[in-house]
Amino acid sequence: MDKALLRNIPKVDELLAPVRALCPNASSAAVTAAVRRTLDALRESVLSGEAPEIPETAALCALAADAVRRAETPSLRPVINATGVVLHTNLGRARLSGRAAKAAADAAEHYSTLEYDVESGGRGSRNAHVEALLCRLTGAESALVVNNNAAAVLLLLTALTAGGEVVVSRGELVEIGGSFRVPEIMSACGATLREVGTTNKTRAADYAAAIGEHTRALMKVHTSNYRIVGFTESASREELAALAHSRGLPFFEDLGSGSLFDLEAFGIHGEPTLQGSVRAGADAVTCSGDKLLGGPQAGILVGKKSCLDVLKRHPLLRALRVDKMTLAALEATLRAYADGSAASTLPTLAMLAASTEELRAQARTLCEKLTERGISAEVLAEEDAVGGGSVPAQTLPGFAAAVTPRHCRMDELAERLRQRETPVVARIAHERLLLCLRTLRPEEYDELVRAVAESDR
Ligand SMILES: *Cc1c(COP(=O)(O)O)cnc(C)c1O
């Protein structure tokens, strides 16, 4: 260890002014902390013999300025989603409409009517902001909103089936990413799962044979992230509702991705709607707010008043309740369905509806911009996905700008793009970096081109 080297390390005070000049928007506390950390790290490496010399002061200032920028960058921040996966669970699922985002921001920034009834000047109900809308849109008698769909299922089973049996098909014992498994959630709720049928075939008669004195409900779970195809059979929701009611039992359905919009219009098949399940006679239906519905994270329950009234009085509800920002965003999202503007204003629906012609034209525009910056890119037809555990086994025909890096390896390019202040998440396929147009916005193209140009080095 070299004592002279240690003495040559500059003092904190010497670096403060130049680093502050490099980061004019940072607080002086952040600058001081970053300079300290940079010099401490240098001292460590001198002591361990790793640093043979002290870098120039200008180089140390640049290091400290980088440390300031890293420390000031929010951990939870926007990313550019170039994966073509519309409901990317790791990237936050549904993107809100401008109207829903503004409603959430307004609720956050101001006092609100959250639990205040302006008519009476007394206490109101937080559920009232969305209940009437949900009932109108789905035809249900009653509605309730909780933190997410897992919470909706938890509340439903705990309040109405604890201590008894719930009959579910063996073909529907779903696991959703993040450890939500139907059998386990059921035992956590104090109910016993009564499996019926086989993996590929379950008939109404199988459910009927399983009903006994301990049965509390029949339940259908939407196989939202897989499909059983081939030699298959399942009981329809109409049959199950009729069977349950004939035996004095309720019929529940966990729709998972549940939609309010008939996605057949976009060529997406087999996604049930909330209103379809209500019409079929379900006593309680649950779904997520941030999957195909295109709203904030929430668990939506709609159904018969007799069932939902029990949930509304249950003590667990307080632990699962949603906050004002979520309610404001959900109300704005539901209003878009009510006034007919959902397909054009909700980003999720608009992205699912995008035509191949539009996507191809956008891919051309993006490729031109990339080529102008000296990047090798070409238009490529590529399949996109709905994602979020929705619509398995169906892809959407899409288009990508396929980039071939000139100066680095593919994985280096992808890593540098990910590690930017605004991370770019892309897909690697066919030995190219794919920027998929379905999930990109034209406002993002310039930043995207800059990101690729700066990362291909
Ligand atoms: C997604 C999903 C859930 C979990 O919903 P969250 O809103 O993520 O809690 C539960 N059941 C099914 C069938 C699902 O698809």
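**Notebook: K201, helix 14 and the packing around helix 19**

I began with K201. Setting aside neighbours within four places in sequence, I find K201 in contact with D206, F231, T232 and E233. The model I am reading is predicted. I then looked up where K201 sits. K201 lies in the loop between strand 9 (192-196) and helix 9 (204-210).

Is K201 buried or exposed? I read 14% relative accessibility for K201. Buried means under 20%, so K201 counts as buried.

**Helix 14**

Next I checked the length of helix 14 (residues 324-338). Helix 14 has 15 residues, and at 1.5 Å a residue these should span 21 Å. I get 21 Å between its end C-alpha atoms, so the two agree.

Which residues of helix 14 are buried? I listed T326, L327, A328, A329, L330, A332, T333, L334, A336 and Y337. I then asked what covers them. The cover includes two strands' worth of entries in my list, strand 5 (142-146) and strand 13 (299-303). Helices are in the cover too, including helix 5 (98-109), helix 6 (128-138), helix 15 (342-345) and helix 16 (347-353).

**Helix 17 on helix 19**

I turned to helix 17 (residues 356-372) and its packing with helix 19. The angle is about 45°, and the axes are 10 Å apart. That angle makes helix 17 oblique to helix 19. The crossing is right-handed.

Which residues meet here? From helix 17 I noted Q362, T365, L366, K369 and L370. On the helix 19 side I noted Y445, D446, L448, V449 and V452. Sorted by class, this contact has 6 nonpolar, 2 polar and 2 charged residues.

I kept one general point beside this entry. An α-helix has 3.6 residues a turn, so residues three or four places apart point the same way.

**Helix 18 on helix 19**

Last, I looked up helix 18 (residues 410-418) against helix 19 (residues 445-455). They pack at about 130°, with axes 9 Å apart. Helix 18 is therefore oblique to helix 19. Helix 18 passes helix 19 in a right-handed crossing.

Helix 18 makes the contact with L413, R416 and L417. Helix 19 makes it with A451, V452 and S455. How many of these residues are nonpolar, polar and charged? I count 4 nonpolar, 1 polar and 1 charged.

One residue I marked in both entries: V452 of helix 19 is listed in the contact with helix 17 and in the contact with helix 18.

Technical notes:
Residues are numbered from 1 along each chain as its sequence is written. This is a predicted model: local features need pLDDT of at least 70, side-chain atom pairs count only at pLDDT 80 or more; totals for chains, interfaces and linings use all residues. Side-chain values use heavy atoms; hydrogens and water are left out. Axes are lines fitted to C-alpha atoms, for helices over the stretch in contact, and angles run from 0 to 180 degrees between N-to-C directions. Helices (H or I, at least four residues) and strands (E, at least two) are DSSP runs, numbered from the N terminus. Angles under 35 degrees count as roughly parallel, over 145 as roughly antiparallel, 65 to 115 as roughly perpendicular and the rest as oblique. A crossing is left-handed if the near helix is turned anticlockwise from the far one by less than a right angle, and right-handed if clockwise. Contact means heavy atoms within 4.5 Å. Ala, Val, Leu, Ile, Met, Phe, Trp, Tyr, Cys and Pro count as nonpolar, Asp, Glu, Lys and Arg as charged, and the others, Gly among them, as polar. The expected span of a helix is 1.5 Å times one less than its number of residues. Buried means under 20% relative accessible area, exposed over 50%, partly exposed in between (1.4 Å probe, protein chains only).
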